[in-house]
Amino acid sequence: MRLALLQPPGVTVRTVTTEQRTLTDLGLDALCTAMAHDDEYGEDPAVAEAVRAILPASVADPEVIRYRHAVLADCCAHPAAVRELYRIATEATRVKRWQVGPRHRPNGKLLLALEPLRELLGCLRELRAACAYHAPSFESAGFADLMATVAAELDEPYLVSVEQQLAALDFENGLHFTAGLGLGNKVAGIRLHTPIRRRRFGLDRRTGRTFEAIDDPETESNPVVQLQNPALQIIADVVSDAADHVQDFFAQLRTQLAFYLGCVTLHRRLTRDRVPICLPTVHPPGAPRLRSTGLRDIGLCLMGERPVVGNDLDADGRSLIIVTGANNGGKSTFLRAVGAAQLMAHAGMFVAAESFDTDVHGGVFTHFAADEDRTMSHGKLVEELARMSDLVDRMAPDSLLLCNESFASTAARDAEQIAEPLLNALLDTGISIIFVTHLTEFACRRAESPHSTDLFLRAERLPDGTRTFHLIPDSPDPGSHADDIFRKVFDRNPQPPSPDPIH
C-alpha cells in the first residue's frame with residue numbers, strides 16, 4: 001500500500017539533505033528534542049528519529065510544502081485520532097520477528113513466520129476500523145488518500161481470505177503439492193495446492209494413487225521429507241516476505257505520523273508560551289523572496305526564560321544581506337532565526353513568526369566561525385577556507401548561504417581580500433547570501449557602490465549603548481565597536497544592565 005502523508009501520490013519530489021553541521025550551527029538539535037517530548041505522553045525516541053530524518057530533507061517544491069501544510073492542519077485539529085493511528089502503527093512495528101538460521105528445518109521456519117503475520121493481520125484490521133471511524137474528520141488530501149487506500153485494499157473479504165489462507169498453512173490435513181524432476185533428478189516445478197479435506201472416515205483413497213514411505217528413522221533419508229522440504233521452504237519464504245511487506249508499511253506510517261505528532265507537540269508548546277507561529281508562504285525558486293514579521297529564533301523560544309524579541313524583514317529581490325553592528329546586538333540570533341525558519345518551511349512545518357514569505361532553495365548551508373583545531377594540525381583560517389571550499393563544491397545556484405563572522409580568524413584586510421571576490425562569485429552563480437560580519441570597512445565600501453540586490457541591516461543600539469536586539473535597515477556604522485570599547489574602558493559610572501528581553 002502507498003503512503004501519501006508527506007507528498008502527493010505519484011509525485012517525484014526533489015529534496016536536498018542538510019548536513020548535521022548546519023543543523024548544529026542553527027541550534028536545531030534542541031528543536032528535535034523538544035518535538036519528541038510531550039507533556040502528557042513523555043519522551044518518544046521514535047518522534048525524535050522521525051524529525052531528524054525528515055527535517056534535514058529540504059523539499060524544493062512549493063506544492064508539496066502546501067500539501068504538507070494541509071496534513072499538518074488536520075493533525076493539529078484532530079491530535080487524538082492521529083495518535084490512535086500512531087499507536088496502531090507502533091504496535092505493529094513491535095511485533096516480534098524471529099530470526100532463523102540456515103540449519104532450521106523448513107517446517108520450523110514456516111511456523112516462526114506464521115505467528116507474526118497473524119499478529120500483523122490483527123493490526124491491519126484495527127487500522128481499517130480506526131480509519132473508517134476517523135475518515136469523516138479529516139479534510140486534507142493526504143489523509144483522504146490514506147483512508148481511501150486502507151478502505152480499498154483492506155476490505156473485509158480480502159482480510160477473511162488472508163485469514164483462511166493462513167489457517168490452511170497449518171496443514172492439519174497434510175501438505176498437498178505437486179512436483180517434477182529437473183536436471184540431475186532434482187525436485188523442480190513445485191506447486192502448492194489447496195489441502196485435501198479429511199473425510200469423516202479417513203482420506204479419499206478412491207484414486208488408488210497412494211504409497212507407503214519407507215519407515216526410516218533418519219528424517220533426512222525419508223523420501224517424503226525430501227520432497228516436502230523444498231515446498232515448505234518456498235511457503236516459509238513467501239510468508240516471511242509478506243510479513244516484511246506489512247511491517248515495512250507500518251514502519252513508514254509510524255515515521256510519518258511521528259513527524260506530524262512532533263509538530264503538534266511543538267505547536268502546543270509554542271502556543272502555550274505565546275510565541276507567534278504561522279504557516280509560511282512559499283514560492284518557486286527564481287527571484288529572491290524573503291519577507292517576515294516578528295521572526296524569532298526557535299531555539300531561544302524553546303528555552304522559555306524570557307520573551308524573545310521578534311524582527312521584521314523585507315528582503316524581496318535582495319540576494320545579499322549584510323548584517324553589521326555592535327557585539328551582542330542580536331546579529332547571530334537573527335541569522336539562526338532565518339536559517340531555522342527556512343528549514344522548517346522546507347519541511348512543511350510552521351515557523352516562529354507572525355508571517356514568513358520565502359522562495360524555496362536548493363539547500364541551506366552555514367559557514368560559522370570555527371573553534372580552534374585541538375590537534376594543532378592547522379589554524380582556524382585554514383579550517384574556514386577548507387569548509388568554504390567544501391560548501392562551494394556542494395551548493396547549487398538556488399542555494400542559501402548563511403555566514404556568521406566568516407574569516408574572523410585573520411586580520412581585517414586579509415579577510416576582506418578573501419570575502420569580497422568570494423561573495424561576488426557566489427552571487428554571480430545565483431546563490432543568496434546572508435553575511436553577518438565584523439568587516440565594517442568592507443561593508444561600508446560595499447554600501448557606497450550601487451548594488452540594487454544588496455540589503456544592509458544593522459543591530460540597533462541606543463545612544464546609551466543599550467541593545468534593543470532589533471535589526472534595522474541601515475548602513476554600516478564604522479564606529480560602533482570603538483564606542484563600545486571606549487565606554488567599557490573609561491566609563492567610571494557604568495549603569496547596571498536593564499532586564500531586557502532576550503534576543
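Glu153 counts as partly exposed, at 38% relative accessibility, and you'll find Glu153 in helix 7. Keep in mind that you're looking at a predicted model. The protein has 503 residues, and buried ones make up 45% of them. Its secondary structure comes to 15 helices and 16 strands. Among contacts with a separation of 6 or more, 76% link residues 24 or more positions apart.

**Around helices 6 and 7**

- Start with Glu153: leaving aside neighbours within four places in sequence, Glu153 is in contact with Met1 and Tyr158.
- Now hop from Glu153 to Arg128: the two are 25 residues apart along the chain, and their C-alpha atoms are separated by 9.5 Å.
- Arg128 belongs to helix 6, and Arg128 is partly exposed because its relative accessible area is 25%, which falls between the 20% and 50% cut-offs.
- If you skip residues up to four places away in sequence, Arg128 touches Val150, Leu154, Asp155, Glu156 and Leu159.
- Arg128 and Leu85 are 43 residues apart along the chain, and the gap between their C-alpha atoms is 9.9 Å.
- Is Leu127 buried or exposed? Leu127 is buried, with a relative accessible area of 1%.
- Leu127 sits in helix 6, which runs over residues 106–134.
- What does Leu127 touch, not counting residues up to four places away in sequence? The list is Leu85, Ile88, Val150, Phe249, Phe250 and Leu253.
- Val150 is worth spotting in your viewer: Leu127 touches Val150, and Arg128 touches Val150 too.
- Leu127 and Leu154 are 27 residues apart along the chain, with 9.2 Å separating their C-alpha atoms.

**Where helix 4 meets helix 7**

- Helix 4 covers residues 62–77 and helix 7 covers residues 141–153; their axes come within 7 Å and cross at roughly 75°.
- Helix 4 is therefore roughly perpendicular to helix 7, because angles from 65 to 115 degrees count that way.
- On the helix 4 side, the contact is made by Tyr67, Val71, Asp74 and Cys75.
- On the helix 7 side, Ala141, Gly142 and Phe143 do the touching.
- Sorted by type, the residues of this contact are five nonpolar, one polar and one charged.

**Aromatic rings**

- When two aromatic rings pair up, the distance of the centres and the angle of the planes describe the pair.
- How many aromatic pairs does the structure hold? There are four.
- One of them is Phe138 with Phe143, a stacked pair with 4.1 Å centre to centre and 10° between the planes.
- Phe138 and Phe143 are both buried, and Phe143 is a name you've already met in the contact between helix 4 and helix 7.
- Phe259 and Tyr260 form an edge-to-face pair, with 5.4 Å centre to centre and 65° between the planes.
- That pair counts as edge-to-face because its angle of 65° is over 60.
- Phe259 is buried, with a relative accessible area of 0%, and Tyr260 is buried as well, at 1%.
- Tyr41 has a charge for company: the charged end of Arg83 sits over the Tyr41 ring, 3.9 Å from the ring's centre.

**Two residues with a positive phi**

- Most residues other than glycine have a negative phi, which is the background for the next two cases.
- Asn328 has a positive phi of about 60°, although Asn328 is not a glycine.
- Where is Asn328? Look in the loop between strand 10 (320–324) and helix 11 (331–346).
- Asn328 counts as exposed because its relative accessibility of 62% is over the 50% cut-off.
- Glu405 is another non-glycine residue with a positive phi, near 55°.
- You'll find Glu405 in the loop between strand 13 (400–404) and helix 13 (412–428).
- Is Glu405 buried or exposed? Glu405 counts as buried, since its relative accessibility of 17% is under the 20% cut-off.
- So of these two loop residues, Asn328 counts as exposed, whereas Glu405 counts as buried.

Key:
Residues are numbered from 1 along each chain as its sequence is written. This is a predicted model: local features need pLDDT of at least 70, side-chain atom pairs count only at pLDDT 80 or more; totals for chains, interfaces and linings use all residues. Side-chain values use heavy atoms; hydrogens and water are left out. Rings of Phe, Tyr and Trp (its six-membered ring) pair if their centres lie within 6.5 Å; planes under 30 degrees apart count as stacked, over 60 as edge-to-face and the rest as tilted. Buried means under 20% relative accessible area, exposed over 50%, partly exposed in between (1.4 Å probe, protein chains only). A charge sits over a ring if NZ of Lys or CZ of Arg is within 6 Å of the ring centre and within 35 degrees of the ring normal. Helices (H or I, at least four residues) and strands (E, at least two) are DSSP runs, numbered from the N terminus. Contact means heavy atoms within 4.5 Å. Axes are lines fitted to C-alpha atoms, for helices over the stretch in contact, and angles run from 0 to 180 degrees between N-to-C directions. Angles under 35 degrees count as roughly parallel, over 145 as roughly antiparallel, 65 to 115 as roughly perpendicular and the rest as oblique. Ala, Val, Leu, Ile, Met, Phe, Trp, Tyr, Cys and Pro count as nonpolar, Asp, Glu, Lys and Arg as charged, and the others, Gly among them, as polar.
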